[in-house]
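Biologist: I should like to learn how to read the features of a structure. May we look at it together?

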Protein chains: 2
Amino acid sequence: MLLRQLFDHESYTYTYLLADADTSEAVLIDPVDVHLEMYLRLLEELGCKLVAALDTHVHADHVTALGLLREATGCATMVGFEGEVDCASEGLADGKVIAVGAIEINTLFTPGHTDDSFCFVVKDGSQTYLFSGDTLFIRGTGRTDFQNGDPGTLYDSLHKKVLTLPDDTLVYPGHDYKGWTVSTIAEEKRANPRLEPATKEAFIELMNGLDLPDPKMMDVAVPANRSCGLKS
Amino acid sequence: MLLRQLFDHESYTYTYLLADADTSEAVLIDPVDVHLEMYLRLLEELGCKLVAALDTHVHADHVTALGLLREATGCATMVGFEGEVDCASEGLADGKVIAVGAIEINTLFTPGHTDDSFCFVVKDGSQTYLFSGDTLFIRGTGRTDFQNGDPGTLYDSLHKKVLTLPDDTLVYPGHDYKGWTVSTIAEEKRANPRLEPATKEAFIELMNGLDLPDPKMMDVAVPANRSCGLKS
């Protein structure tokens, strides 16, 4: 499996390119609209064909490239709930398996940051990879104070699903603001302050006390992403 | 082998932490002074002991953390030429092997970007890793117009040394300005415009025509790095 982690300096978003090295079929996770040309160039340079583009959730801090990628390549576009983003070609669902060549992308429904948040789990040989979107960050989690976010739901998604993955799972987050690129489940269990609260109630209190400003692109990004980033 | 790639948003520098997962001995490549506390925290969270800190060359765009790390941890500090950075505990040399637990870091002397530029090559199982400093970037190379840089010398370092590594070698550069994190030797051979010139003369002409502004921290960084980032 070929894996490329790409960083958007404006919104601190990580986009991931996964490709089957044998069939050259590829998928992009959480692509950002302004980097369309870069993605197309990278795909061409790697000799890859994009078969799908996935968003872990409807983002509030950047505009998705799903619509532009579909127009440019004809790829499938998948987001949480088809009903909310009717331009997407498919919805996601807990347990859904997305095949990209021999790569099987396993979908985990992990609401909490938003009500439409998903993670993707991929195994390559003995190594498990988690693409955790905004559900789990390196030493943090996504916030829970808009888009039907809910701290109790996030707590359950983390503790009942994400943290049950193998300890050596590589964690690739949807954002990082401090210059970190990757972690593991074991490392996050040990050192992530958002995983310290011993009870769901304590986690809810922590999250409800954060008092964060709105993301600066929220008013633009959320409506735009409901149409796959394409202007209506 | 544990590998962590860390990004400095100010100077677009990549720092690398390598550690032997069994002995927990670790090394940092190209650490940046302002992130000292982050490195120390990460080492502690991973349960690692820093045994060495290496600079690929005397940097002109950020101040090294070598001196601060030595003061904090007692680690060895290694830079190209001992004579130029007399606070370093050891110099580097072509073919030198630095042992960090079971990890063998092989030193390649690759002058051209500067006259003291080195790359580091590590094998882990069947995978080769190149930490290429400013000798080879993803789709680029370091510039050659200061600190005794020389385009003809860089051409030789690239074509006679770096590009002779296995095609599937993972290339981890010293900087990236576009949001890319990793590449391979095969990918760079195919798509790096700085590797397109068919002759050394054409490469020299290309590099001498770049007409780049000085790095903004150059006047501060170079003298500071000659004392390992410590104030005199």
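Biologist: How many residues does each chain give to the contact?

Modeller: Residues are in contact if their C-beta atoms, placed from the backbone, lie within 7 Å. Here 15 residues come from chain B and 15 residues from chain A. This is a predicted model, in which local features need pLDDT of at least 70, side-chain atom pairs count only at pLDDT 80 or more, and totals for chains, interfaces and linings use all residues. Residues are numbered from 1 along each chain as its sequence is written, while chains are lettered from A and ligands numbered from 1 in the order in which they are written.

Biologist: Which elements give two or more residues to the side of chain B that touches chain A?

Modeller: Helices (H or I, at least four residues) and strands (E, at least two) are DSSP runs, numbered from the N terminus. On that side of chain B, the elements are strand 1 (2-8), helix 1 (36-46) and helix 4 (185-191). Strand 1 of chain B provides the largest share, five residues.

Biologist: How are the two copies related?

Modeller: One superposes them by least squares on the C-alpha atoms of residues with pLDDT of at least 70 in both. A turn of 180° and a shift of 0.0 Å along the axis lay chain B on chain A with an RMSD of 0.0 Å. The two copies are thus related as by a two-fold rotation axis. The same surface serves both copies, since 100% of the contact residues of chain B recur in chain A.

Biologist: In what order do the strands of the sheet in chain A lie?

Modeller: Two strands pair if DSSP finds at least two bridges between them. In chain A, six strands form an open sheet in the order 1-2-3-4-5-6, with mixed pairing. Strand 1 (2-8) and strand 6 (90-91) of chain A each have a single partner strand, so one side of each is left without a neighbour in the sheet.

Biologist: In which sense do strand 4 and strand 5 of chain A pair?

Modeller: Strand 4 (residues 49-54) and strand 5 (residues 76-79) of chain A pair in the parallel sense over three bridges. A53(A) stands opposite T77(A) in strand 5 of chain A. Helix 2 (residues 66-73) of chain A packs on the sheet, touching strand 3 (25-29), strand 4 and strand 5 of chain A.

Biologist: Where does chain B offer an antiparallel example?

Modeller: Strand 2 (residues 13-19) and strand 3 (residues 25-29) of chain B run antiparallel, joined by four bridges. The bridge partner of L18(B) in strand 3 of chain B is V27(B).

Conventions: Contact = placed C-beta atoms within 7 Å. Axes fitted to C-alpha atoms, helices over the stretch in contact; angles between N-to-C directions.
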